[in-house]
Amino acid sequence: MNKDCSRGIARSKWFVPSFSLVVGLAILAVNWLGGHPGEGVISLGVLVAFGLVVLLAGRSETIRGLRGDGRDERFAQIDLNATAVAGLAMLVALIVAWLVATARGQSGSPYDWLLAIGGLAYVLAVAYFRWRG
Amino acid sequence: MKNKVRALRVQKDMAQGQLAEAMGVSRQTINSIENERYTPSLPLAIALARFFGVTVEEMFDEQGL
């Protein structure tokens, strides 16, 4: 009867594996340019393995949600909450790293820049979503 | 939120998976709604109400928030 409730949320099961492959190839390319092709090959291997695991894993809701083909509105909310938790963990890690670097007499860079970018992105996002209604 | 989704589904002799398929969501989402762990969006709530031929107010109890 109604197939609209997951419209625009679900995505192809190839999305995450393809994204992993593209990121792996990009890492390989920059490592190659930087004179460390071996590290690039290892990174590509890890990302390709991750993509294959996600692609070929079973039909559990968690795997399908991560993969994208089992997403609905509830999983979109789970994804949003998980993203917020990941962002918070990143923020805490950056603050701790900045404090440690500063206490050691170092400049605190690039943690200060990353914190500034995070803070600015948050404020801009709040302004945008408030404006959008 | 308290709701009558399970009662209406059982009344129709449907499995959670069948209702999920009809609504375009996962079986786990139907299960979470029935167990009051997840409050559906307005479009899904309306779709559920229409599917069972009741109003949203009849299906969901706002006192049970």
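**Exercise 1.** In this predicted model, find which residues of helix α2 of chain B are buried, and work out how they sit around the helix axis.

*Solution.* Start with residues 16-23 of chain B, which form α2. Counting a residue as buried when 20 or more other C-beta atoms lie within 10 Å of its own, you should arrive at Leu19(B), Ala20(B) and Met23(B). Next, look at their directions from the axis: they span an arc of only 100 degrees, so they are on the same side of α2(B). Now see what covers them: the cover includes α1 (5-11), α3 (27-34) and α4 (42-52) of chain B. Finally, step past the end of the helix, where Gly24(B) follows with a positive phi near 75 degrees.

**Exercise 2.** Place those three residues in the largest nonpolar core, and say which elements give two or more residues to this core.

*Solution.* The core has 12 residues in all, and Leu19(B), Ala20(B) and Met23(B) are among them. Other members include Ile30(B), Ile33(B), Leu44(B) and Phe60(B). Sorting the core by element, you find that α2, α3 and α4 of chain B each give two or more residues.

**Exercise 3.** Identify the buried residues of α3(B) and what they pack against.

*Solution.* First, pick out Gln28(B), Thr29(B), Ile30(B) and Ile33(B), which are buried. Then trace their partners. From chain A come α3 (61-67) and α4 (73-103); from chain B come β1 (2-3), α1 and α2. To finish, check the residue after the helix: Glu36(B) follows α3(B), and its phi is positive, near 60 degrees.

**Exercise 4.** Describe how chain A is divided, and how far apart its domain centres lie.

*Solution.* Domain 1 covers 1-71 and domain 2 covers 72-133. Their C-alpha centres lie 23 Å apart.

Note on methods. Residues are numbered from 1 along each chain as its sequence is written. Chains are lettered from A and ligands numbered from 1 in the order in which they are written. This is a predicted model: local features need pLDDT of at least 70, side-chain atom pairs count only at pLDDT 80 or more; totals for chains, interfaces and linings use all residues. Helices (H or I, at least four residues) and strands (E, at least two) are DSSP runs, numbered from the N terminus. The arc is that of the directions from the helix axis to the C-beta atoms. Two residues are in contact if their C-beta atoms, placed from the backbone, lie within 7 Å. A nonpolar core is a set of buried Ala, Val, Leu, Ile, Met, Phe, Trp, Tyr and Cys residues joined through C-beta atoms within 7 Å. Domain bounds come from an automatic or database domain assignment.
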